[in-house]
Structures are given as structure tokens and as C-alpha cells.
Amino acid sequence: MTKFFHNKLGLTWVSMEDVQHAYGVLKTNSVGFMSGLGQALYPVVSIMSHSCAANLESVKDPGATISFRAKRGIKKGEELSMRYTDFLDSKDNIQRKIKNEWIFTCSCVRCSDSSEFGANFSSFQCGCGGFFYQEKTDSLIKDWKCSVCPKNANLTDKYTRAGHLQQMLENEDVDKILNIVENEGYHKNFYVTTKCYMKYLEKHNSSTDSQTLNSVVYKAKVVLSTLAMLDGGCTRLNGKYLMMIMMGQHKLLMIRNKEEKMDVNDLKLAMMEITKGRLQAAKMMSPFVINGKQG
């Protein structure tokens, strides 16, 4: 890189230290876009803090400028925050990436809550119905303790297996991976289950088969429920899955009406509810700020 500045641009004063410093600034403070293929640096945004439960989201992909909107009510004096990385990953993976790339340990409200707002997104479920949380210990052996019963377990192999299944989602058929996930008993809000459901929805969302549509609506509802716990409020992602639910329900309604000729009033009421849901989803997905009543 230094040779490029010297030989191609004639900037002979640029040193290796200058290049390393500029790269470090870009790497640490830039905002990714185009699915990570591009990076942009914004002076104000570069000093914003990270939170896995950020209160801001960008309203569209960054360009010459970047705009944010509040996802939910922000209290007076509350710090504005954004996310530096994908929040739909396990807590350990997020912590590891934050530590490696931004050189700090995240202690946001989500990372400080063992249950992750009740979603237990990164936790395996015990047979008793409780969830395993990692015990802090000086030992090299990692122990997890159930939140309900006295059971302790070493889940290192299970987390390795979960990570492997998550990687398989990139290349393998999602129906095959989902079958494995369900057979191995991962709970519906677990991060690997959520990733599987999302991939399933991308594959089957356009189906016209009633059985598949029922599965699409169910999985979209589960995903939306998980997102509401982890990242509630007016978000584009929540709007996307709400729209999937409404579109699936609309298709199922049309199939039902064709098969049994529904009562006109019942059909009209159902269509009104679906239309209201679609309008709400469209607002959430839009790049515009949605104004609410001021408290």
C-alpha cells in the first residue's frame, strides 16, 4: 500500500505508520454497507457507542449521508447508541467479535442479562424447563447451571455443534438443517433456531401451498416474537416479518374462501385486520420517521 502512494500517487511523504493509522481509524470507526462490501466514515457516527440493544437504527443503507431513527422511546439523558455487529448471534460470538475488532468488552443491558430479556437467545434449555447459564469460575472447565433445577452441565460440545449447524446454513438446504435442529431439541428462541427459521422463510415465503403457508406464518410469528424481546420497537426487520405474517394469512384466507365460500362479513372483517397489519408493517419498513405522541 505504501508503494502505491509513493509510486502511483507521488505522495512520497506517506509512511507505513501513516497507512496503518489510517486503516486502523477506518476499521474501528467506519460503518459497513452493501452487505459488508463497502465502508464509510462519518465524523459524528464514529463516536457513537455500541449496544447490542441499541436505541437507534439507520433508516436506509448509508450513502453520502446516513440517517437514524429512534426504534423506541428514548428517555431524557439516555445515551444514543447503535450496533457495531450482527445482534442475531450468540452472546459469546458477539462478545468475541467486539473484543477482537473494537478492543473492548461489551457490558450493555443485553450482555449483562443472563436471560437476554427473557429470550434466552444464547442458552440451551434444560429438561426441567429452565435454561443453562454459564457459571463464572476460575477453572478452565466451563460449567453451566440450570436456572431452575440444581443440574450443572458442560455444554462446550453442544455449542460447538450449534456453531457448526449455523455455518452449514450458508451452503446446505435449510429444510435439512431445520430437521436436525428440531430433532436435537433446540428451543424456538435459540439463535440457531432463529437463523434456521429466517432462512426457511426466505425459501418458502412465496409458496401457495396451504400446509407450507401455515408453517411460514407460524415461523414468522416465532421470529417476530424473538425479535420483539431482543430488539423491540419500530424496526425495519420487525416490519419485514410482520409483513410476512400478513401476506401468509392473506393467502390462507383466499384459499379458505375458495374452498368453503366464507360469509361475506367474516371475510370482510378478516381482510380489514390483515390490511391494518400490512399498513403497520409498511410503516415500520419505510425509511421515514414515524412520529408518535410525546409523553
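Two strands pair if DSSP finds at least two bridges between them. Helices (H or I, at least four residues) and strands (E, at least two) are DSSP runs, numbered from the N terminus.

This is a predicted model, in which local features need pLDDT of at least 70 and side-chain atom pairs count only at pLDDT 80 or more, while totals for chains, interfaces and linings use all residues. Residues are numbered from 1 along each chain as its sequence is written, and side-chain values use heavy atoms, with hydrogens and water left out.

**Exercise 1. Describe the sheet that contains S8, and find the bridge partner of Trp144 in S9.**

Step 1. The sheet is open and has 3 strands in the order S7-S8-S9, with antiparallel pairing.
Step 2. Strands S7 (132–134) and S9 (152–153) are at the edges; each has a single partner strand, so one side of each is left without a neighbour in the sheet.
Step 3. S8 (residues 144–146) is joined to S9 by 2 bridges, and the two run antiparallel.
Step 4. Trp144 has Ala153 as its bridge partner in S9.
Background: strands of a sheet pair through backbone hydrogen bonds, either parallel or antiparallel.

**Exercise 2. Work out how the buried residues of H3 are arranged around the helix axis.**

Step 1. H3 covers residues 91–102, which makes 12 residues. From first C-alpha to last, H3 reaches 16 Å, close to the 16 Å expected at 1.5 Å a residue (1.5 Å times one less than the number of residues).
Step 2. Lys91, Ile94, Gln95, Ile98 and Trp102 are buried in H3; buried means under 20% relative accessible area, with exposed over 50% and partly exposed in between (1.4 Å probe, protein chains only).
Step 3. Down the axis of H3, the buried residues fall within an arc of 100°, so they line one face of the helix. The arc is taken from the directions from the helix axis to the C-beta atoms.
Step 4. An α-helix has 3.6 residues a turn, so residues three or four places apart point the same way.
Step 5. After H3 comes Ile103, with a positive phi near 55°.

**Exercise 3. Examine the two ends of H7.**

Step 1. H7 (residues 210–231) has 22 residues and a reach of 30 Å from first C-alpha to last, close to the 32 Å expected.
Step 2. At the N-terminal end, Asp209 is the cap: one of its side-chain oxygens lies 3.3 Å from the backbone nitrogen of Gln211.
Step 3. Just after H7, Gly233 has a positive phi of about 105°.

**Exercise 4. Which residues does Asn238 touch, and is Asn238 buried or exposed?**

Step 1. Asn238 belongs to helix H8 (residues 236–260).
Step 2. Contact means heavy atoms within 4.5 Å. Residues up to four places away in sequence aside, Asn238 touches Leu224, Leu227, Asp231, Gly232, Gly233 and Met284.
Step 3. Asn238 is buried, with a relative accessible area of 4%.

**Exercise 5. Locate Arg69 and state how its side chain lies relative to Met284.**

Step 1. Arg69 is in strand S5 (residues 68–70).
Step 2. The relative accessible area of Arg69 is 3%, which makes Arg69 buried.
Step 3. A polar atom of the Arg69 side chain lies 2.5 Å from the backbone oxygen of Met284.

**Exercise 6. How far apart are Ile180 and Leu165 in sequence and in space?**

Step 1. Ile180 is part of helix H5 (residues 174–183).
Step 2. The separation is 15 residues in sequence and 8.6 Å in space, C-alpha to C-alpha.
Step 3. Leaving aside neighbours within four places in sequence, Ile180 is in contact with Arg161 and Leu165.

Note on methods
Polar contact = N/O pair within 3.5 Å; in protein donor to acceptor, adjacent residues only side chain to side chain.
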